[in-house]
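Here are some notes to read alongside the coordinates, set out point by point. They begin with the ligand, turn to the sheet, and end with some backbone details.

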Amino acid sequence: MHVIYGGTFDPIHNGHLRVAIELREALGVSRVDLVPCHIPPHRGDPGGSSEHRLELLRMAIADEPSLGVDDRELVRGGSSYTADTLRHLREELGPDEPLVMVLGTDSFAGFDRWQEWSCIPELAHIVLVTRPQAGLAPGSAPSQLLARRRVTDVATLGAAPAGCILEVEPPLLDISATGIRERLASGRSIRYLVPDPVLARIDELGLYGSDGNERGR
Ligand code: ATP
């Protein structure tokens, strides 16, 4: 089973890292790949450049062999459409290997605005991480999709290459990248919210500081 966890990672924080570990264990896989997006189609431009977000991500997982970075969306450039990424992965993995994409409920709530969203369940399973205060609107397209495709155990994911949605509720750290950027912009500490090497590099580069966010890519 191949598991990917996509995001803007602007910047990577301990909430992301913990959930990746929890999922690796819950899904019984040896590795989870984090997939940073280049230009996220559904939100404003990231505060950090692609290069810096990738560098911080690599630093964050350097000592953890069970986490990987898949930089294909940065290499590809342009808008990062998940359907394209999954199609490329499907070509590499072949038709039978289970492919899983991990998504928080906050992201899944707007799933029907994603490019080719209705193709995505044909390309991969979705593992939905329940985040507090991020419920699905009843009757919305994502909530109907969930009702149609919901499964309740991990073994079902292993038995098919794609098509199922599994909800998981791992313990989550209450950390968001928005909160980190806000703290940095107002000169507050982010220690213990991100790995120490990430903190040191953000300081060194002056990223997300109140002296003006970097915008280049
Ligand atoms: P922002 O605050 O800028 O929106 P974020 O911290 O939510 O950022 P993203 O890069 O947008 O991070 O998120 C990537 C994925 O990680 C999404 O699916 C999101 O739901 C999930 N995620 C983010 N923070 C956490 C957390 N603390 N615990 C578990 N999942 C998280």
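1. A polar contact is taken here as a pair of N or O atoms within 3.5 Å. With that cut-off in mind, and remembering throughout that this is a predicted model, the contact at Thr 8 can be read directly: a backbone N or O atom of Thr 8 lies 3.0 Å from an oxygen atom of the ligand.

2. Two further polar contacts deserve a look in the viewer. His 13 approaches through its side chain, with a polar atom 2.9 Å from an oxygen atom of the ligand, whereas Ile 175 takes part through its backbone, where a polar atom is 2.9 Å from a nitrogen atom of the ligand. As for burial, the ligand taken alone exposes 600 Å², and the protein buries 91% of that.

3. Which residues of the surrounding shell are closest to the ligand? The shell holds 22 residues, and the closest are Tyr 5, Asp 106, Leu 173, Ala 177 and Thr 178. Sorted by class, the shell has 8 nonpolar, 10 polar and 4 charged residues, which may be useful to keep in view when the ligand's surroundings are described.

4. The shell draws on several elements, since strand 1, helix 1, strand 4 (99–104), helix 5 and helix 9 each supply at least two of its residues. At the level of domains, both domain 1 (2–173) and domain 2 (176–217) give residues to the shell, so the ligand lies between them.

5. Turning to the sheet, what is the order of its strands? The sheet is open and has 7 strands in the order 3-2-1-4-5-7-6, with parallel pairing. Strand 3 (67–69) and strand 6 (150–151) stand at the edges, and because each has a single partner strand, one side of each is left without a neighbour in the sheet.

6. The pairings of strand 7 (residues 165–168) can be followed bridge by bridge. With strand 6, strand 7 pairs in the parallel sense over 2 bridges; here Arg 150 stands opposite Ile 165, and Val 151 stands opposite Leu 166. With strand 5 (residues 125–129), strand 7 also pairs in the parallel sense, over 4 bridges, and in this pairing Val 129 has Val 168 as its bridge partner.

7. The backbone has a cis peptide bond from Asp 10 to Pro 11, with omega near 0 degrees. Pro 11 is found in the loop between strand 1 (2–7) and helix 1 (14–27), and both of these elements supply at least two residues of the shell around the ligand.

8. Where does Glu 116, with its positive phi of about 55 degrees although it is not a glycine, sit in the chain? Glu 116 is found in the loop between helix 5 (105–108) and helix 6 (120–123), and because its relative accessibility is 33%, Glu 116 counts as partly exposed.

9. Tyr 192 likewise has a positive phi, of about 75 degrees, although it is not a glycine. Tyr 192 lies in the loop between helix 9 (177–185) and helix 10 (196–205). Is Tyr 192 buried or exposed? With a relative accessible area of 67%, Tyr 192 is exposed.

How values were computed: Residues numbered from 1 in each chain as written. Predicted model: local features only at pLDDT ≥ 70, side-chain atom pairs only at ≥ 80, totals over all residues. Heavy atoms only, no water. Buried < 20%, exposed > 50% of the residue type's maximum accessible area, 1.4 Å probe, protein only. Near = heavy atom within 4 Å. Polar contact = N/O pair within 3.5 Å; in protein donor to acceptor, adjacent residues only side chain to side chain. Areas by Shrake-Rupley, 256 points an atom, 1.4 Å probe, with all protein chains shown as cover. Nonpolar A, V, L, I, M, F, W, Y, C, P; charged D, E, K, R; others polar. Domains from an automatic or database assignment. Pairing = 2+ DSSP bridges.
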